Each structure stands twice: as C-alpha cells, then as structure tokens.
Amino acid sequence: MVGRKIQHPSSTNFHDDSHPAKRLKSYESTDGEDVLDNSGDEHLANVANRFRNEILDSGAQSDIGDSENAILQPTDLESTLPPMKTDEEAIQEYEAMRAAELDTHESVRDRLNHRRWIKGKSSIYVDAFNLALETVLEDEVHLFDEKELEVFKQWKLLEYEAQYLYVRLFLRKTSAWHRINSLKYFSDIADIPSAASNLQLARSVPESTASMQENPAELAPPEGTTLESSFTFADTSDQAITTLKEASSLLNLEELKNIAKEAKIQGKNKGELLKALQRTSKRQSGLVWVGLRRSDSEQITASEPSGNDNGEEEDISLEANRDSHFLKKIMASIGPCIRLSLPTLRLFERAHLVFYRSTEWTEKSLTTIILARVSRRNFPEYIVCRSANIFPSRNELLEFEAALRTQFRVDSILEFNGNKDSLELVLNILDEVYPRWKVLLVEEQRKEDRLYESGEGAYLRRFSPAWVYTRIIHKGTYVLGRFKMYAREHAVTKELLNQSLFHVARRGAWYTRKALLEEHYMYAIEPPSAITDVEQQKRYWKRISLRTCEEGLQDRDCHIIYHYDLQKRIKKLERQLKIPKREQHDFGHVLLTQPAEVTVEGIQLKKEYPLKLIRRSSGLGAKEKQRSTKTVWVDELENGAECSVEEMCLSWYRSQGLKGYHAEGGIIRTLFAYLFYDILFVYIPNVFQTAYQTCPLDLHTDAFFPSRASEINHRLIEIGNGAAERLVREVHAREGEKKTCIIGLNWDFALEDLLEIVSCFDGAALATICQVMAQEYQARGGGIPDLFLWDSVNKEVKFSEVKSENDRLSDTQRLWIHVLMGAGIRVELCNAVAREVRIIETE
C-alpha cells in the first residue's frame with residue numbers, strides 16, 4: 001500500500017474549484033457563554049498575567065478576561081434552523097410564490113402555510129414580526145401590563161404600510177435618525193411620509209396596576225424606556241433634534257460642504273467637516289451634553305438685542321444665534337426625520353426576547369424561521385413543546401432584563417481592563433448582586449428537587465436572573481484577583497462550586513483557579529492555627545489544593561477539557577509533597593506526547609498585483625491591492641492545478657497510502673450527528689419551539705449534557721464497545737434517502753467512507769471525542785485539525801494540522817490536540833515548506 005497513490009473519493013469534492021474556507025474564529029454565543037477566537041485566548045491570557053501580578057503556572061487556564069464580541073451571533077432559535085439563502089433575492093423568490101389573488105382577511109399563519117404575499121399588501125418581514133408578537137401574546141400574555149397590552153392593540157390597528165416601515169427601521173440602527181426623504185421603500189409603501197406620520201402620532205394608554213420594582217445594581221430602568229400616559233411608535237425631528245451635533249450628522253457630504261462654506265470651516269472628509277462645524281461653537285459642550293431646545297433657539301433668534309452692556313452675555317447670545325441659524329438651516333435641508341421611540345422599541349425588544357429566547361436577533365433571525373417553514377425540506381420528527389413558564393412572572397422577566405443590562409456594564413468595563421475606579425464599580429455591583437444570587441439559588445434548588453421531572457430545569461435556568469448573576473459573580477472573581485483580595489476570591493469561588501445549577505461548564509475553570517489560590521496564596525492569608533512553621537503551613541494548603549484537584553476530576557460536571565490541567569497540577573503537588581510513589585496517582589493512560597512533525601515540500605505561487613493609482617490631497621499616489629492571506633500552491637501529485645496548502649498536503653498523505661478529507665471538523669460533526677441522532681431529538685420540554693429545527697435549542701449551551709446525562713453516558717459506553725458502525729447504518733437507512741436536515745450532518749460524505757472511518761477508530765477514543773462534543777458543542781466546533789486521515793488496512797486514524805510559514809497553533813487547536821492525543825489518537829503537525837516559489841503577475 002505504501003507509495004501507491006489512491007484516487008480521491010468523489011465525496012471529498014477534492015476536484016471542486018470552490019474550496020471550503022478555514023474556520024478561523026468562533027465568537028461569544030448568544031447565551032452569554034464565552035467562546036473566543038483563535039487570537040483572543042492568548043491575548044486575554046497575556047492581560048491576566050500582566051495585571052494580576054501573581055503566579056500563573058503552566059497548569060492554570062485563564063477564563064477571566066473574556067469580553068463581549070461586537071459581531072452579532074445567531075440566536076438559539078436561529079442556530080437550530082437549516083442553512084438557507086436569506087438575502088433579498090431569496091425573500092423575493094418566496095414572496096413571488098403566492099396565489100393570484102389574496103384574501104385580505106387571511107391571517108399571518110394562513111399566508112405562511114400557503115406562501116402568499118403581495119407587494120404593498122403583505123411582506124415576509126411584517127409577517128415574521130407579527131408571528132413573534134402573536135405567539136407571545138397567545139402563550140405568555142401574563143408578562144405584560146395594561147399599558148403594554150394597549151401598545152400591542154394599537155400596533156394591530158396600524159395600516160400595513162406603517163407596520164412595514166416600523167419593522168424595516170426596527171431591523172436597522174434603531175437608535176438612529178433616518179431622513180424620511182431618503183427611505184427607499186417605494187415598492188411596499190406608496191406614501192412614506194404618511195406612514196411616518198402615522199407612527200409619530202401620539203396615542204394614550206391606560207394606567208398600569210403593576211408596581212415599580214427595584215433590582216440589584218439597578219434602582220430604576222434606564223431613563224426614557226418606560227411608558228408614560230401617552231406614547232408614539234416613532235419620534236419626530238421637529239421636537240427631538242435639538243443639537244447641532246445630531247442635526248449635522250444627518251447631512252450628506254455635498255450638503256455638509258455647503259454648510260461648511262458658509263461657516264468658513266475646512267476639512268478633508270465628512271468626519272473632519274463635522275468636527276470642525278461642531279467646534280465653531282465655544283459652547284459645544286453645553287450644546288451637546290446639556291441640550292439646546294429648538295424652542296429656545298427660535299426664541300433667541302426672534303428676540304432683539306436687549307441693550308445689555310454685559311459683554312459676556314452678549315457674546316453668548318451671538319453664539320446661540322449662530323448655532324440656531326445653522327440648526328435651522330440644516331433642518332430645512334434634511335427635511336423631516338424619523339426615529340423609533342425608545343419606550344415602544346424596548347417593549348418590542350422584550351417581546352422578541354420572549355419569542356426567540358435570546359437577547360439578540362437580526363433581519364436573518366426574523367425571516368429565517370419563515371423561510372424554513374415555506375421551504376421544501378425534511379426535518380427530524382420530534383415533539384414540539386413551547387412552554388409558557390420560561391418566565392413565571394412579569395417581575396422575573398424585568399429582573400432578567402435588568403440583570404442583562406448590569407452584565408453589559410460589567411463586560412464593558414472589563415473589555416478594556418478598566419482603571420481602578422471602574423474596577424471598584426464592578427466590586428460594588430458584586431456586593432449588590434451577591435445577596436440576591438444566594439436567595440435565588442435556594443429557590444432554584446427547591447424547584448429542581450420538587451418541580452422539574454424531565455430534565456427541563458437545565459434549560460429553563462438559563463432564563464433565570466440567577467444565571468446572569470452567576471456570570472457577573474464569575475467576572476467579579478477576576479476583579480478580586482486584580483485587587484489581590486485572594487481570601488474573598490477563594491470564598492466566592494468556593495460558593496460557585498458549592499452550587500451545581502448555573503454555568504456548570506465553568507466548573508473546571510473554578511476548580512483550577514481554587515487549586516491555584518490554595519497552592520500559592522492561602523497559607524499566608526489563613527494559616528492553620530495549630531501550625532507555626534511557614535513550610536508546614538504551605539504543605540497544609542498544598543494538600544488542600546491536591547484535594548481540590550481530585551474533587552474536580554471526580555466531578556461529573558467538570559468537563560473533560562479541564563482534566564489535563566488538573567492532572568498536571570496533581571502530579572506537581574505530589575512531587576512537592578513527596579508523597580510515596582505507591583500512593584501517587586497514575587495518569588499513564590492519558591499522558592500526552594508532543595504531536596509528531598512532518599515536512600511536506602511543494603511549489604508555492606506568489607501573485608503580484610499591479611499598483612492602483614489613487615487620488616490624494618497631495619496628488620496621485622500608488623497603492624497595492626489588498627492580498628489574500630491564504631497561500632496558493634501547486635498540486636503536483638494530481639493535475640498540477642492551483643490549490644490550498646491543505647489540499648497540497650492532503651495529496652502528499654494520499655501518496656503515502658492514506659485516505660483523507662480536508663474537513664476541519666466536518667467529519668467529527670457528521671459522526672456526532674449520526675451517533676447521537678436519537679438523543680439529539682429526545683423529548684425535553686421547551687427545547688423544540690418549532691417544527692423546523694435541526695437540533696434542540698440547548699445544544700449550543702451547557703444545559704445539553706446534564707439534561708440527557710443518562711442517555712449520553714449509555715451511548716458513550718455503546719460507542720466504546722464498538723456499536724458505532726451499527727448506529728451509522730441505522731440512521732442512514734432511516735434518514736439518508738430524505739436527506740433530513742440535522743445539524744452538523746453532511747450527507748455528501750459517502751456512507752462507505754464513514755463506515756470505514758468508524759471501523760478504524762478505537763471505540764474508547766471515538767467515545768472521548770463524542771463526550772467533548774456533547775459537553776461543549778459550540779465551543780469545540782473550531783480548532784479541530786485541518787486534515788482527517790485513515791488507513792483502512794492497518795485500521796488507524798490520524799489528524800494533521802497544516803501549518804505554512806509563520807503560522808502557529810491557537811489555544812483552541814492546542815486544546816483539541818490534547819484531547820485527541822489523550823484519547824490515544826495520533827496527531828501530526830504538517831509543515832508546508834516551499835521548495836520553489838513562482839511569481840505570477842495578475843491583473
């Protein structure tokens with residue numbers, strides 16, 4: 001077999017010109033779990049080392065500096081739906097599938113079921129928005145008071161065009177002003193100004209019988225977010241735009257140049273012109289932060305000089321006149337504007353939070369569920385269960401919202417590491433949240449003991465304020481460490497470990513941190529009273545640290561990814577404590593070796609791009625076109641065509657007699673879907689909200705494993721005993737012909753290849769990989785080595801991580817290498833070296 005070249009299986013798509021892109025990053029999930037990109041882990045570890053000024057040995061793993069990511073991620077509900085086109089072309093395609101005539105009395109659900117839309121009368125956006133509202137009001141109306149229900153009633157009375165305008169603005173920058181004459185919705189709205197006026201009309205609401213509540217770290221809701229005696233769906237610019245800064249930001253470049261010419265200011269671009277215009281007033285801070293009311297400006301403009309001899313007051317009056325002049329001139333230029341009113345906006349956001357079970361949604365979130373409904377796809381069979389008890393009461397929903405706002409404040413401070421004052425603010429928040437957290441822990445434990453029967457508690461707890469408070473307290477331990485308050489950090493970390501209801505995925509990190517504190521700091525803070533010798537005090541606390549590591553390894557909720565660090569610390573502590581060899585732990589079955597390194601030589605292509613002339617203020621200049629960061633190579637062993645570095649190395653492996661895929665985790669996710677198909681779709685309350693899901697809602701959370709612990713552990717034993725091939729055959733026979741939409745399962749992989757692969761896997765090794773995926777499906781989706789290889793003759797599998805020049809392993813890649821090698825699977829680092837470099841000129 002060695003030396004004989006084997007043809008690529010057709011299912012590898014090796015000869016396809018469209019090569020899959022590498023999965024480089026994964027971001028924070030929508031449920032608040034921190035999933036960092038490849039570069040972020042190292043950066044945060046550096047931050048921790050730089051600011052803690054403490055001992056961080058090789059066994060410590062940092063999870064303390066993670067921050068919110070600016071990129072919007074799919075909601076839990078959206079991530080369960082199948083991938084599909086959600087661009088404008090796809091939406092128009094589905095809206096075109098309608099009946100010749102539309103019954104104006106047809107309901108949203110009827111239109112969805114029969115795929116009937118007509119431009120100017122109905123829209124997928126409005127139907128998706130209304131579907132969310134109707135579902136929430138049918139099942140969870142108890143979460144809203146009289147004022148809020150009146151707003152929903154008034155919404156239903158709005159004409160279609162007004163609803164369409166609101167929904168499209170809802171999906172845009174909702175806090176921004178929009179010029180009405182610049183809105184381009186003519187195909188759906190015949191009279192945009194009229195629709196805008198309808199939204200800006202004041203409407204009255206009844207008094208609410210609900211009482212105001214105070215929440216930890218937040219005495220009252222943010223200003224301007226509560227409903228008063230009357231409301232509007234949108235604000236009007238005549239009353240709300242009162243500052244030069246707000247008004248000038250709405251100007252386009254040409255309009256801004258005309259204003260700048262009159263104001264005698266200069267700038268190279270729009271940003272500089274805006275700054276210069278705002279600097280023309282010496283009272284800029286007063287205008288921007290105090291706020292100059294439009295009515296005040298008009299009164300000042302209309303008034304005559306009073307003849308006051310006070311030069312300072314006259315100067316202020318002249319400045320106000322000038323600002324008022326430009327404000328009026330800008331408003332006349334831009335025309336009427338519209339901005340969604342904050343109280344009603346927050347109310348609709350709350351309704352969407354309840355519907356999507358998430359705090360984030362996008363245009364894709366709003367339409368994907370409907371596109372999935374009208375598509376011709378096959379979905380798994382499962383029991384749909386949308387419970388009305390996600391939020392038991394309105395007060396708990398409001399507290400959950402307030403907790404999210406508090407969490408955002410904490411994350412915003414820690415994202416930039418914070419100064420001493422801001423970190424003290426985090427400590428104050430910790431002090432306010434902690435007592436309430438303790439109360440909620442008792443309540444939740446009582447529910448777990450008496451109320452929950454089918455494992456639904458693990459998912460429902462994600463919508464408890466205590467879930468958010470637990471994360472805030474976890475972040476607070478980082479600040480305690482920054483201030484060297486190790487005794488309190490140790491106590492709080494111990495409290496976090498004493499509960500097993502919230503954020504169980506972090507338990508490994510908590511054990512690791514607690515053991516480090518006990519090993520290095522606690523002897524000086526809490527020395528045992530009966531021991532006076534410092535060395536003996538250290539030994540005392542090191543024994544406690546050793547016991548903590550042992551408890552971590554025995555904890556069934558401590559994820560396997562933390563076992564290696566805990567085992568390494570145990571071995572170190574046993575050496576320091578001089579424990580007899582016969583009493584030491586033996587981790588020989590999981591001792592890691594370094595991945596083998598191989599070198600593959602090839603021909604690299606470097607493309608030279610022509611210089612592009614660009615116009616600068618100083619004249620013409622040259623700029624090189626942006627180059628791709630991916631290297632291009634020649635596939636010498638196939639047809640000599642251009643290929644990626646991974647494909648070039650895969651060809652080399654194939655020449656050595658191996659079969660393989662450049663899958664980057666695709667094989668692992670496909671095998672997991674095959675092997676855990678029935679467990680993925682077993683009945684768990686609340687995790688199947690629609691009939692169009694490819695996975696349960698909790699798969700991407702740490703609630704997935706504990707909710708199905710018995711079934712998963714039984715399946716892992718089956719896989720370890722060699723049942724993988726049977727499981728794959730059964731699922732393929734049942735679902736293969738229908739090509740059922742299942743998360744992670746790629747039907748393009750040939751069944752023969754998959755059966756060969758599972759036969760080459762050691763059963764225990766495959767079970768270990770599946771356990772990691774079941775514990776942290778989303779977090780472990782990235783970092784899997786590039787190439788999956790197998791030897792059907794010797795019944796072996798191996799993974800290969802391809803690295804070209806200047807590439808380095810990320811933390812997530814190192815973690816997967818540890819997992820794979822700990823399971824006894826061979827991993828290689830394949831270094832691609834250019835034997836020859838060819839320069840190619842491109843247009």
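This passage walks through the sheet around strand β13 and the elements that pack on it. The model is predicted, so local features are taken at pLDDT of at least 70 and side-chain atom pairs only at pLDDT 80 or more, while totals for chains, interfaces and linings use all residues. Residues are numbered from 1 along each chain as its sequence is written, and side-chain values use heavy atoms, with hydrogens and water left out.

Start with the overall layout. The sheet is open and has 7 strands in the order β10-β9-β6-β14-β13-β12-β11, with mixed pairing. Its edges are taken by β10 (642–644) and β11 (659–662); each has a single partner strand, so one side of each is left without a neighbour in the sheet. From one strand to the next, the twist averages 40°. Strands here are DSSP runs of E with at least two residues, helices are runs of H or I with at least four, and both are numbered from the N terminus. Two strands count as paired if DSSP finds at least two bridges between them.

Strand β13 spans residues 796–803 and is mostly covered, with 7 of its 8 residues buried (buried being under 20% relative accessible area, with a 1.4 Å probe and protein chains only). On one side, β13 pairs with β12 (residues 787–791) in the antiparallel sense, over 5 bridges. Within this pairing, Leu787 sits opposite Ser800, and Trp790 has Val797 as its bridge partner. The two strands make a hairpin with 4 residues in between, and Lys795 in the turn has a positive phi of about 55°.

β13 also pairs with β14 (residues 826–841), this time in the parallel sense and over 6 bridges. Ser800 turns up again here, with Glu828 as its bridge partner in β14. Helix α35 (residues 811–822) lies across β13 and β14 and runs at about 135° to β14; such angles go from 0 to 180 degrees between N-to-C directions, with axes fitted to C-alpha atoms, for helices over the stretch in contact (heavy atoms within 4.5 Å).

One acidic residue in β13 deserves a word: Glu801. This residue is buried, at a relative accessible area of 1%, and its side chain reaches the backbone nitrogen of Asp786 at 3.3 Å.

Further along the sheet, β6 (residues 596–608) runs parallel to β14, joined by 13 bridges. Glu597 has Leu829 of β14 as its bridge partner. β6 also pairs with β9 (residues 632–634), in the antiparallel sense over 2 bridges, where Gln604 is matched with its bridge partner Trp633.

Key: Buried < 20%, exposed > 50% of the residue type's maximum accessible area, 1.4 Å probe, protein only. Polar contact = N/O pair within 3.5 Å; in protein donor to acceptor, adjacent residues only side chain to side chain.
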